[in-house]
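Colleague: I'd like to learn how to read a model like this one. Can we go through it feature by feature?

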There are 2 protein chains.
Amino acid sequence: MAMTTDVHVRDLRYFVTVAEELHFTRAAERLYVSQPALSKQIRALERQLGVELLRRDRHSVALTAAGAALLPHARRVLEAWARGASAMEQARAAQRSTLVVGMSTSPGRGGLLPAIRSRFTSAHPEAAVRLRQVGWQDPSAGLADGDADVAFVWLPLPDQDRYAWIVVAEEPRHVALPESHPLAARSEVDFTDLADEPFLALPESAGPLRDYWLALDERAGSPPRIGAEIASTEETYEALVAGLGVCLVAAGNVPLLTLGGVVTRPVRGVSPSRYALAWRKEDQRPLVRAYTRACRQVRDGTGRR
Amino acid sequence: MAMTTDVHVRDLRYFVTVAEELHFTRAAERLYVSQPALSKQIRALERQLGVELLRRDRHSVALTAAGAALLPHARRVLEAWARGASAMEQARAAQRSTLVVGMSTSPGRGGLLPAIRSRFTSAHPEAAVRLRQVGWQDPSAGLADGDADVAFVWLPLPDQDRYAWIVVAEEPRHVALPESHPLAARSEVDFTDLADEPFLALPESAGPLRDYWLALDERAGSPPRIGAEIASTEETYEALVAGLGVCLVAAGNVPLLTLGGVVTRPVRGVSPSRYALAWRKEDQRPLVRAYTRACRQVRDGTGRR
DNA sequence: TACGGTGACAACCGATGGCTATGACGACGG
DNA sequence: CCGTCGTCATAGCCATCGGTTGTCACCGTA
C-alpha cells in the first residue's frame, strides 16, 4: 500500500470546475467531457484521497468540509502549473525561433557569416541566431546530437545519407610545419615528401574526416604515422611547435596557425578541401530552410545588394 | 488538436528527481520505478510539452534551457500539491475521528445522550461527536444518505435489512389534541375513539414509520383520514392548535407539545413506541462500534460509575 | 578484449479515462 | 395523478497509459 499521493492536474481542474458550478452536467459541458466521465473522475479522486469532496443530494451538489479544504490548494496547484505551462509555451516558441549554427573553427572566409546572417534576418526578423563552437571530436559540428540546427563542416561527413549540404568554399590544402623543419625551406612541397612524416590526426570519432586530413587516399596503402591527436586550433598549434608532427590545413585556415614558430606551404598532389553548410536531411523547419537558402544565395551572388 | 496542457504531478516529480540527480538510473531508484519506465515518462513529458527538457549525452545528462525554465515551476506545483495532500490527510483524520449522531427530535430521556457521550469519549478521547438535526422526511435520521454515522430513530425503520439497532426506550403512546377537543375532557382515551379523527401524518417518505404513527395496524382496514403532513415539532404544534387533526406521540415527547392550547392523554389499545440507536449494519468503523457499545452499556446500566 | 554501467527500445499487461446507452429518482406541469 | 424532464450513477466497451522484464548499443576501463 504505497499510497501515491500524486494527482493528475486534470482531476483538480475537474474538481474546481464542479466546485464552482455545483452541478455535474454543467461542469461537464464547461470541461468538454461527458457527464459520466466527469462523475467517474471525481469519484476516483475522492477514492484516491480517501475523502468525500462533494455531497450529491439527488437534486443538489454541495462541497463537504474536505472539499472546501481542498479547493484553495487545488486552485494554487492549477495556477502554479499555468505558469509552468506558459513558460513551456515560451520555451517552445524560443526553440522554434532560434537557429543554432554549429562550427568547428571560425568560418571566416570573407564575411561569409555576416552576409548569410543579414539575408536570413531580413527574411526572418523574429528569429535569433546562436553560434555554437563544437570540438573536433564531432565532425558534424553538433548536427548529429542536435546541438546545432545547421553547421559549417568539412567534407566528407560521416553518415552522409543523414545530411544535406551546400559547398561554400573549395580551398587548396597547405601543410603546416614547425619553422625548424627541413621542408620549411621550400616554398612549396610535394605530398610524397610528406608521406613518411608523423602527422597530427583528428580524433577517431571524426571518421572519414580524419582519414581525409591524413590524405589517406594519396598514400597508396602505406599507413601514416600518427604524431598526436588534435581537437582544437590551440592543440594543433602547440603540437606543431612541439614538433610532434605536421598536418594539412585548408588555405583559409592558414592564418589561424601561423602565429610564430609555425610556417605553412602549399602542397602539390592532394585534392582541395571542401567546406560546406550542412543540415539534417529530414529537417524541414522554416528557419533551417531559410538559412540554407540565404547561404546558397550568398555563394551564388544572387540578389546581391 | 485541443492541446491538453494538463500534466500528471507524478511526471513533474519524476522530472525534478532526474533534474536533481542528472542520472536516470539513480533517479529511478530514488523513485522506486524501473529505469525504462522513468525514461519513457520523461520522454512522454517532453513530447507532451513539445520541448526538450534534458540533453542525454551518452554518459551524461544535462538540463536544457527549457528544462531549467521548467524546474522551479515544477517545484512550486509539487509544493502546492504537498500542502493540498497534507490538508487531505488532515481531513481524512478528522473524518475518521468524528462521529455524526443524527436525530429527529431531541432524545432527552433522562440524560441518555450525555451518559453515552461520557462513556464514548472516555474510550476515544481523540474523537469528536457532532449532533445533527434531521427533518422527519428521513426516518433514518441521516443514516440513509450518509449524513449521520449513528442515529436515534423510531422503529420501525424502512430498509430494515440495511440497519442494526439497539432499543433504548419503550414508551406508551399518548394522543395530542387541541384543548378544545371533546376528548380532552377524558383523562384517558381508547384508540377506537380516535379512529375516525383526522390525523397528522409524517411525510410519505417516512414509509412504514408513517403508518406506525397512524397506528395502521390497529385500524382493521379502514384507512385513516389525513388532516395534514408534519415534518417537525413546530409544524405539529401549529397543526394541533389550528385544529387540523390529532396525532399520537411518545410519552417521552409529550413535554415538547404541551405548551399551551394542546393537551395529551394516554391511549389504550395501541402498542408502545420503541426508540432506538441505529447504524448501518455493514459499518464496522471503530467509532461507530464504540458508540453503540457505550449506548448498550448505558441502557443496561453496566459498569455504572 | 572482455566487462560493467549507461540510457533506449520492445513486448507485454493491468489500470485508467474516455465514450454511449441506460437506469433510478425527485421535481414539475398538464 | 401521471408522464416528462433533469439530475447523477452505472454498465459495457475500447484506446491509451504506465508500469514491468528482457535486451540492445554504446562507451570507458581494467
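Modeller: Start with the elements: helices (H or I, at least four residues) and strands (E, at least two) are DSSP runs, numbered from the N terminus. In this case, helix 1 (9-21) and helix 3 (35-49) of chain A, plus helix 2 (24-31) and helix 3 (35-49) of chain B, each give at least two residues to the surface near DNA strand C. Keep in mind that this is a predicted model, where local features need pLDDT of at least 70, side-chain atom pairs count only at pLDDT 80 or more, and totals for chains, interfaces and linings use all residues. Residues are numbered from 1 along each chain as its sequence is written, chains are lettered from A and ligands numbered from 1 in the order in which they are written, and side-chain values use heavy atoms, with hydrogens and water left out.

Colleague: Which residues are closest to DNA strand C?

Modeller: A residue is near a strand if one of its heavy atoms lies within 4 Å of it. Here 19 residues surround DNA strand C, and the closest are A:Ser34, B:Phe24, B:Thr25, B:Ser39 and B:Arg43. Sorted by class, that surface has 6 nonpolar, 8 polar and 5 charged residues; Ala, Val, Leu, Ile, Met, Phe, Trp, Tyr, Cys and Pro count as nonpolar, Asp, Glu, Lys and Arg as charged, and the others, Gly among them, as polar.

Colleague: What share of the DNA strand C atoms within 4 Å of the protein belongs to sugar or phosphate?

Modeller: 71%, with the rest belonging to bases. As for individual pairs, a phosphate oxygen of DNA strand C sits 2.6 Å from a side-chain N or O atom of B:Arg43. On chain A, polar side-chain atoms of A:Arg10 and A:Tyr14 lie 3.1 Å and 3.0 Å from a phosphate oxygen of DNA strand C.

Colleague: And pockets? What is the volume of the largest pocket?

Modeller: On a 1 Å grid over the protein atoms alone, a pocket is an open set of points where a 1.4 Å probe fits, with protein on both sides within 12 Å along at least five of seven lines; lining residues have an atom within 4 Å of a point. Grid points are joined across faces, edges and corners, and a volume is the space filled by probe spheres set on the points. The largest pocket comes to about 840 Å³. Its lining has 22 residues, with A:Gln95, A:Gly146, B:Glu52, B:Arg55 and B:Thr64 nearest the centre. By class, that lining splits into 6 nonpolar, 4 polar and 12 charged, and helix 4 of chain A gives the largest share, 5 residues.

Colleague: Which residues lie nearest the centre of the second largest pocket?

Modeller: A:Glu52, A:Arg55, B:Gln95, B:Val100 and B:Gly146, out of 23 lining residues. The volume of the second largest pocket is about 720 Å³, and its lining has 9 nonpolar, 5 polar and 9 charged residues.

Colleague: How do I read the relation between the chains?

Modeller: Superpose the copies by least squares on the C-alpha atoms of residues with pLDDT of at least 70 in both. Chain A goes onto chain B with an RMSD of 0.2 Å, by a turn of 179° and a shift of 0.2 Å along the axis. That is the relation of a two-fold axis. In chain A, A:His8 comes closest to the rotation axis, with its C-alpha at 2.0 Å.

Colleague: What about backbone oddities?

Modeller: The peptide bond from A:Leu155 to A:Pro156 is cis, with omega near 0°, and A:Pro156 sits in the loop between strand 5 (150-154) and strand 6 (163-171) of chain A. The bond from B:Leu155 to B:Pro156 is cis too.

Key: Polar contact = N/O pair within 3.5 Å; in protein donor to acceptor, adjacent residues only side chain to side chain.
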